[in-house]
Amino acid sequence: MSHDALSVPTTSAPPYPTEPRPTPERPVWPRGTTALRFGGDYNPEQWTRETWLEDIELMKRAGVNLVSVGIFNWGLIEPREGEYDFSQLDEIMDLLAGAGIDVDLGTPTASPPAWFWRSYPESRPVTRDGLPLAFGSRGMASPSSPDYRRAAVRVTEQLARRYASHPALAMWHVHNEYGAPVSESYDEHSVRAFRSWLQRRYGTLDGLNTTWGTAFWGQRYQSWDEIDAPRRAATVTNPTQRLDFARFTSDALLECFVAERDIIRRHTPELPVTTNFMATNCPSVDLWRWAREVDVVANDHYLVAERPDNHILLSMDADLTRSIAGGRPWMLMEHSTSAVNWQGRNIAKRPGELKRNSLAHLARGADAVMFFQFRASRSGAEKFHSAMLPHAGTETKVWRAVEELGADLAALSPLRGSTVTSRVAILWDWQSFWAQDLEWRPSVDMQHRERIEAFYTELWQLGVTTDFAHPESDISGYDLVVAPSLYLVSSAAGANLARYVEQGGTLLVSFGSGLVDENEAVHPGGFPGPLRDPLGLSIEELLPFRLGETATLDNGGTADVWADDIILGSAEPVIRFTDGRAEGQPALTRNSFGAGTAWYLSTRPDAGTLRRILEGSLAEAGVAVEAPPAGVETVVRSSEASSWRILLNHNASEVAVEAHGRNALSGERLDGEVTIAAGDVLIVETPKQRG
Ligand code: GAL
């Protein structure tokens, strides 16, 4: 059979599906109260009945209205294959129902029991180095193992059937954090599934050979059976094979979710089904695709305790979560009351931080604030993790803060369903990250994540609320779109970005963008691929810097990491290098294209320069900026009736702000200068004018 390489499917059409599925018939929020949701993971299997009763009393005292139960109890409810014992779970469900506390019921498939591993050892995930992973920790089996999939749907079916009409059941929590700790698995089941996935994607071996560029280093395949997972090899493995394996892995995990979800939907069509994501912290699943499959987006976030800017990273994570949720309210499914236990130094939160963190998520669209976990575990790997109820009990700062948060969330119920709007978007594409994180890129210092954080941080300091968007999605509603080191730009994304500028948008692109297409091949005609036209320039050669090398700019700033040998087309230079390897070359250019403007920043400038560049492009885009006092975070949520300005003071000293309206936490009237205490939060409610 002869095959035409041009028949290779690409992601160029249809447009990348990033909007949530239009599923008006699906429930999008846990059944029950109209209040904001408050609670956490609850693991009663670790405790005696006496403790359960105490826990439930304490939950009521704190205002807990939702707990996630059963996430790690597979071994308890199915002690031997096919034998079920729901006695403990029945009792817990009944007790919670009696107390009026709703349940987000987990399927336990993130941690199969001992019998599973003994019966199905070939289901163990295998690392890239060929090491099968053992039992004794947690983590699912190979996502492509038929034995795992069968066992997972069987236990899900049992749960869904048993609890479908239980009064405590408000929603479903499938699995736990797909993609962590198991993502890519190099076992034999995965290899076979990968081959089928490739056959569906490429149709023909010729198509695969062309797209993977197997002519290079003599890698041509003559039969599908010759194709393996991209295991560790003598030197760098084919990058397109690796990118496809990453795509395959995200899809294989998603199939596992969908299989469980569909069983549950059959039993409880009236209840939402979700799984907990880790928006900025789980690189192995493409959440733009995943978010379309859940009824409500749920997210877990843990502060990187060591980083002094961890509150900014929290905001970024929350903004990304809101964006993948398509702007709809989302659930903060897990965060910590204080220390987490898996970082090098598990730094406890300081007074006020639990409230600030919780309300920062709420400010950015969360309508549920939940923790891992209700009661701290005495044994096991996570005993040094904080909880709502610490080891030291209720006479503690943490417990008091939990009770206060419960009261605050009750006062904030009217925010339920209100939304956040943004006129600025940063482009975020997991597939680009997968490609960029491979070996032998132009410079190890070209870090997309570091650049996204840098751009986001400057926008945060300016008080600009930012969405994230997929480069192929509809971005026409944004006034400014920023692409920080977007290494992979598909042809469809290139056309989308060009159209956006042509129709009047403002685009700011930073170095290292558009280097490859969706198949990890350099775009024909050179860098930066389809962005050459809107940017009005082309790049003759990439000029990455040596480690530690810096250059000066003619605006008085400095730069490092990168420059380009730019050939200007219609773009004008705005800032130039005054020395170094790119002396005289433009560091920042501006191009009018159609009705819009595209900026190109060919280097990593100092933070002050980056701030001024952003201010310039925001002004050009017509986005008015009213920077809050330093260290104060400000976000607005609105409903038809009211808007709420949420101000979080991250400083160690009080700040004065101007506020008119009602203090949504205390009920007090505000009309003039108000002081926000060090580390505190002010929420100003302003009713909307009617008529
Ligand atoms: C999450 C996980 C929880 C718990 C928590 C500790 O990633 O879902 O089960 O392990 O981390 O921080």
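**Domain contact and ligand site**

Two salt bridges (a side-chain nitrogen of Lys or Arg within 4 Å of a carboxyl oxygen of Asp or Glu) are counted between domain 1 and domain 2. One pairing of side chains in a salt bridge is that of Arg322 with Asp467, at 2.8 Å from N to O. The model is a predicted one, with pLDDT of at least 70 needed for local features and 80 or more for side-chain atom pairs, while totals for chains, interfaces and linings use all residues. Residue numbers start from 1 along each chain as its sequence is written, and side-chain values use heavy atoms, with hydrogens and water left out.

As for the layout, the domain assignment (bounds from an automatic or database source) splits the protein into domain 1 (37-183 + 270-415), domain 2 (424-620) and domain 3 (632-687). Between the C-alpha centres of domain 1 and domain 2 there are 38 Å. Their contact (heavy atoms within 4.5 Å) draws on 24 residues from domain 1 and 19 residues from domain 2.

Domain 1 and domain 2 together bury about 1,700 Å², and carbon and sulfur atoms carry 57% of that; buried area here is the accessible area (1.4 Å probe) that two parts lose on being put together, summed over both. On the domain 1 side, Trp288, Ile312 and Met316 give up the most area to domain 2, together 36% of what that side buries. The two domains also share 13 residue pairs in polar contact, with both residues at pLDDT 80 or more. A polar contact is a pair of N or O atoms within 3.5 Å; within protein, one must be able to donate a hydrogen and the other to accept it, and residues adjacent in sequence count only if both atoms are side-chain atoms.

Turning to the ligand, the residues around it include Phe72, Arg138, Asp300, Tyr302 and His385. Also in that surround, Glu177 places a polar side-chain atom 2.5 Å from a ligand oxygen atom, and Asn176 does so at 2.8 Å. For Trp342, an N or O atom of the side chain sits 2.7 Å from an oxygen atom of the ligand. Taken alone, the ligand exposes 310 Å², of which the protein buries 95% (Shrake-Rupley method, 1.4 Å probe).

Notes. Near = heavy atom within 4 Å.
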